[in-house]
Amino acid sequence: MATRITVRATASFVHVWEPHKVAGSNDEPKYSVQLVFDPGYDYSDIQNAIAEAIAVQWGANPPPGLRFPLVDPMTKPKFADKPFYQGGKLYLSTSSSTPPSVYTIDNMQLNGQVPEHRALL
């Protein structure tokens with residue numbers, strides 16, 4: 001499935017140019033990014049894409065304990081005291097072993113090129 005959704009979010013912990021391995025982990029390095037959404041953001045496109053991905057992967061029987069990727073940071077002790085995450089924001093963490101497609105705000109695909117001004121992403 002190759003659903004492409006354009007979102008407005010703040011990118012945090014950005015590892016889209018080279019794979020990254022979490023310190024102390026035995027996992028393989030992955031490309032990843034955490035997207036932080038402002039309060040009141042309309043998540044319906046994201047929720048629909050998640051539901052579609054779950055249906056494609058598992059049909060009507062997803063595995064017990066499957067974590068929903070949109071997270072309230074106030075439920076995570078490591079973020080609860082960080083002002084950046086407070087005020088009703090949600091975040092979504094993504095990771096992949098394959099390089100992601102990255103686009104600028106003007107819908108230009110970067111094809112692995114680091115932009116001169118990363119704030120334009």
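The lining of the second largest pocket in this predicted model is made up of 8 nonpolar, 10 polar and 7 charged residues. The volume of the second largest pocket is about 770 Å³. Its lining comprises 25 residues, of which V22, S32, S93, T94 and S95 lie closest to the centre. Four elements each contribute two or more residues to this lining, namely β1 (10-20), β2 (30-37), α2 (77-80) and β4 (90-96).

These elements belong to a chain with 2 helices and 4 strands. In sequence order the arrangement reads β-β-α-β-α-β. Of the 121 residues in the chain, 22% are buried.

Two residues of strand β1 were examined individually. F13 is located in strand β1 and has a positive phi of about 50 degrees, although F13 is not a glycine. Most residues other than glycine have a negative phi. The relative accessibility of F13 is 52%, and F13 is therefore classed as exposed, the threshold for that class being over 50%. E18 is likewise placed in strand β1. With a relative accessibility of 59%, E18 also counts as exposed. The C-alpha atoms of E18 and P29 are 8.8 Å apart, with a sequence separation of 11 residues.

Strand β2 contains L35. At 18% relative accessibility, L35 is assigned to the buried class, because that class requires a value under 20%. L35 and T10 are separated by 25 residues in sequence, while their C-alpha atoms are 5.6 Å apart in space. In the loop between β2 and α1 (44-58) lies P39. The relative accessible area of P39 is 44%, so this residue is partly exposed. A C-alpha to C-alpha distance of 5.0 Å relates P39 to G88, and the two residues are 49 positions apart in sequence. Helix α1 includes I50, which is buried at 13% relative accessibility. I50 and P69 are 19 residues apart along the chain, and 8.2 Å separates their C-alpha atoms.

Aromatic contacts were considered next. A pair of aromatic rings is described by the distance of the centres and the angle of the planes. The count for the structure comes to 7 aromatic pairs. In one of them, the ring centres of F37 and Y43 are 5.6 Å apart and the planes meet at 85 degrees, so the geometry is edge-to-face; the cut-off for this class is an angle over 60 degrees. F37 and Y43 are both buried. An edge-to-face arrangement is also found for F79 and Y91, with 5.4 Å between the centres and 75 degrees between the planes. This pair connects distant parts of the chain, since F79 belongs to helix α2 and Y91 to strand β4, at a separation of 12 residues. Both F79 and Y91 are buried.

The pair F79 and Y91 is part of a wider aromatic cluster, which also takes in F84 and Y85. Within this cluster, the ring of F84 has a charged neighbour: K89 lies over its face, at 4.5 Å from the ring centre.

A search of the whole structure for charge pairing yields 1 salt bridge. The residues concerned are D81 and K82, whose closest N and O atoms are 3.6 Å apart. This distance satisfies the criterion for a salt bridge because the cut-off is 4 Å. The two partners fall into separate accessibility classes: D81 is exposed at 56% relative accessibility, whereas K82 is partly exposed at 39%.

How values were computed:
Residues are numbered from 1 along each chain as its sequence is written. This is a predicted model: local features need pLDDT of at least 70, side-chain atom pairs count only at pLDDT 80 or more; totals for chains, interfaces and linings use all residues. Side-chain values use heavy atoms; hydrogens and water are left out. On a 1 Å grid over the protein atoms alone, a cavity is a set of points where a 1.4 Å probe fits but cannot get out, and a pocket is an open set with protein on both sides within 12 Å along at least five of seven lines; lining residues have an atom within 4 Å of a point. Grid points are joined across faces, edges and corners, and a volume is the space filled by probe spheres set on the points. Ala, Val, Leu, Ile, Met, Phe, Trp, Tyr, Cys and Pro count as nonpolar, Asp, Glu, Lys and Arg as charged, and the others, Gly among them, as polar. Rings of Phe, Tyr and Trp (its six-membered ring) pair if their centres lie within 6.5 Å; planes under 30 degrees apart count as stacked, over 60 as edge-to-face and the rest as tilted. Buried means under 20% relative accessible area, exposed over 50%, partly exposed in between (1.4 Å probe, protein chains only). A charge sits over a ring if NZ of Lys or CZ of Arg is within 6 Å of the ring centre and within 35 degrees of the ring normal. A salt bridge is a side-chain nitrogen of Lys or Arg within 4 Å of a carboxyl oxygen of Asp or Glu.
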